[in-house]
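Please open the structure in a viewer and keep the sequence panel beside it. The tour below proceeds by selection, with a description of what each selection shows.

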2 protein chains.
Amino acid sequence: MAAAVAVADAEGLAAVSIRRVAAELDARTMTLYSYIGSKEDLLALMLDAVGAEVLVHEPLPSSWREALVMIAWREREMVLRHPWRTDLISQRVAVGPNGLRHVEQKLSVFDGLGLDRLTSWRVLAAFNDYMTGFVVREALERGTPRSEGISDTERAAVAEPYIRELVESGEFPRLAPMIQEGVRGADDNFERGLNWVLDGIEGSLPR
Amino acid sequence: MAAAVAVADAEGLAAVSIRRVAAELDARTMTLYSYIGSKEDLLALMLDAVGAEVLVHEPLPSSWREALVMIAWREREMVLRHPWRTDLISQRVAVGPNGLRHVEQKLSVFDGLGLDRLTSWRVLAAFNDYMTGFVVREALERGTPRSEGISDTERAAVAEPYIRELVESGEFPRLAPMIQEGVRGADDNFERGLNWVLDGIEGSLPR
DNA sequence: TACGAAACTGATACGCTGTACGATATGCGA
DNA sequence: TCGCATATCGTACAGCGTATCAGTTTCGTA
């Protein structure tokens, strides 16, 4: 599992094949199947391993909002360390013990707020959905590590005439300038969006 | 492209192989390569095809909020028609003309609000991120069509002892009852979360 | 109408994937 | 030391994307 995570971190999830991971361990291919039932199992193990990294061990802030912000940053940082995590988000992979602990920890944030179960669930879902969307987009924009050996400058070179055409077509007066100048400050964008979501939630809470 | 979309709709994205799509068209495998450069191209075409479905052709509501809600519903409905869309969200697939038009349409919603470009971009990003997260989760919960022939009842049967163990372990006092009883009303959950996001945004807008 | 070029179709093959199967090697309890 | 469970391994199969090249059909122009 650690070997698989290492490969994924270094070369992306696509590089994680049974043969490759076995080679990394100086074992023959089929040897892995003594320990896992299928590749799906391996992916589930990888997911649970990195899931452990987002668990908060120190006491959470008593404010539900501060606690969620803390968890949010840990989640995002974990995904930045393991960008392949986002490739598995849309896949049905078994949730392991650390995944469950993580959900439970999030739910614990609402203790004492007097929320009914449906509302707790919805708050959690909205929070998770924003997080999912953000980290997926961020991972996409940063690009997978060593993605087909195409460097950023090469990519930009390919994109350039495409962008010029876009600007000159005049069909996208609002979009074109944004693409042209780019948007900086991922950290700020993350916080801004997160705060909008939390503001919205906070406004609907009983006080 | 239409053949590929049909296969994906019916059997999931995994069923879309060059050989399979060719067979669907009564053509030999390599024939497809007269029209597309690679499978990636085919996926980009599929994406742009369904992207056309979310474009709003009638005039958008003048209220930015109502306009975004309208677009949000169209996006979600499109994904429900083509759940494989979520499998491509974390993949670097080329954006086609319809994708660009869609972004431009979203940006047009902010016309006249006097937002600077950075703020417009952030509002759009937050909206998109929530949408992405929601539809990915919803598609996951609904399951891919014909996913390995495992029916819902079978799945529930497999999950049952797992859930019982979860409840009895006592380690997940908050999560366990939620899994046990489930949470209904995807439409309501969608609107609730969307409104939280929009509330948060609205609160920060100049008035 | 004839012809050259372009577009299309097709068979075959290569290297990759996950994994089923069966044979061998290893280590441990009796 | 024996017997057996466990671990390891080689081989093989079906599927994938697609490179190559040869054969065929279609079409624009002279």
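## First stop: DNA strand D

Select B:Tyr33 together with DNA strand D: an N or O atom in the side chain of B:Tyr33 lies 2.6 Å from a phosphate oxygen of that strand. Please bear in mind throughout that this is a predicted model.

Keep DNA strand D selected and turn to chain A. The side chain of A:Tyr35 places an N or O atom 2.5 Å from a phosphate oxygen of the strand. Add A:Thr31, where a polar side-chain atom is found 3.1 Å from a phosphate oxygen of DNA strand D.

Now widen the selection to the surroundings of the strand. DNA strand D is surrounded by 16 residues, and the closest are A:Arg28, A:Ser34, A:Tyr35, B:Arg19 and B:Tyr33. Of the atoms of DNA strand D that come within 4 Å of the protein, 57% belong to sugar and phosphate. Coloured by class, the residues of the surface near this strand comprise 7 nonpolar, 5 polar and 4 charged.

## Second stop: DNA strand C

Which residues come nearest to DNA strand C? Select A:Arg19, A:Tyr33, A:Lys39, B:Thr31 and B:Ser34, which come nearest of the 15 residues around the strand.

Next, examine individual phosphate contacts of DNA strand C. Select A:Ser17, whose side chain has an N or O atom 3.1 Å from a phosphate oxygen of the strand. On chain B, select B:Tyr35: an N or O atom in its side chain is 3.2 Å from a phosphate oxygen of DNA strand C. For B:Arg28, display the backbone, since a polar backbone atom of B:Arg28 is 3.2 Å from a phosphate oxygen of DNA strand C.

Sugar or phosphate accounts for 55% of the atoms of DNA strand C within 4 Å of the protein, and bases account for the rest. The surface near DNA strand C consists of 6 nonpolar, 5 polar and 4 charged residues.

## Third stop: chain A alone

Hide the other chains and show chain A as a cartoon. Chain A has 9 helices and 0 strands. Its C-alpha atoms fill a box of roughly 60 × 55 × 25 Å along the principal axes.

Within this chain, select A:Arg76 and A:Glu138. The two residues form a salt bridge, with their closest N and O atoms 2.7 Å apart. This pair links distant parts of the chain: A:Arg76 belongs to helix H4 (residues 64-81) of chain A and A:Glu138 to helix H6 (residues 117-142) of chain A, 62 residues apart. Side chains of opposite charge can pair when their charged atoms come close. Over all chains, a search of the whole structure finds 28 salt bridges.

## Fourth stop: where chain B meets chain A

Restore chain B and select the residues in contact between the two protein chains. Chain B contributes 57 residues and chain A contributes 56 residues. About 5,100 Å² is buried between chain B and chain A, and carbon and sulfur atoms give 61% of that area. Highlight B:Arg92, B:Arg174 and B:Trp196, which lose the most area to chain A in chain B, together 15% of what that side buries.

How many salt bridges cross the interface of chain B and chain A? The rule finds 8 salt bridges there. To view one, select A:Glu171 and B:Arg101, whose side chains meet at 2.8 Å, N to O. Across this interface there are also 16 residue pairs in polar contact.

Colour chain B by element next. Helix H5 (97-108), helix H6 (117-142), helix H7 (152-169), helix H8 (175-181) and helix H9 (186-204) of chain B each give two or more residues to the side that touches chain A. H6(B) gives the most to that side, with 18 residues. By class, the side of chain B that touches chain A holds 26 nonpolar, 13 polar and 18 charged residues.

## Last stop: the two copies superposed

Finally, superpose chain B on chain A. A turn of 180° and a shift of 0.0 Å along the axis lay chain B on chain A with an RMSD of 0.0 Å. The two copies are therefore related as by a two-fold rotation axis. Of the interface residues of chain B, 98% are also interface residues in chain A, so the copies meet through the same surface.

Terms used:
Residues numbered from 1 in each chain as written. Chains lettered and ligands numbered in written order. Predicted model: local features only at pLDDT ≥ 70, side-chain atom pairs only at ≥ 80, totals over all residues. Heavy atoms only, no water. Contact = heavy atoms within 4.5 Å. Buried area = accessible area lost by both parts, 1.4 Å probe. Salt bridge = Lys/Arg side-chain N within 4 Å of Asp/Glu carboxyl O. Polar contact = N/O pair within 3.5 Å; in protein donor to acceptor, adjacent residues only side chain to side chain. Helix = DSSP H or I, 4+ residues; strand = E, 2+ residues; numbered from the N terminus. Nonpolar A, V, L, I, M, F, W, Y, C, P; charged D, E, K, R; others polar. Least-squares fit on C-alpha atoms with pLDDT ≥ 70 in both. Near = heavy atom within 4 Å.
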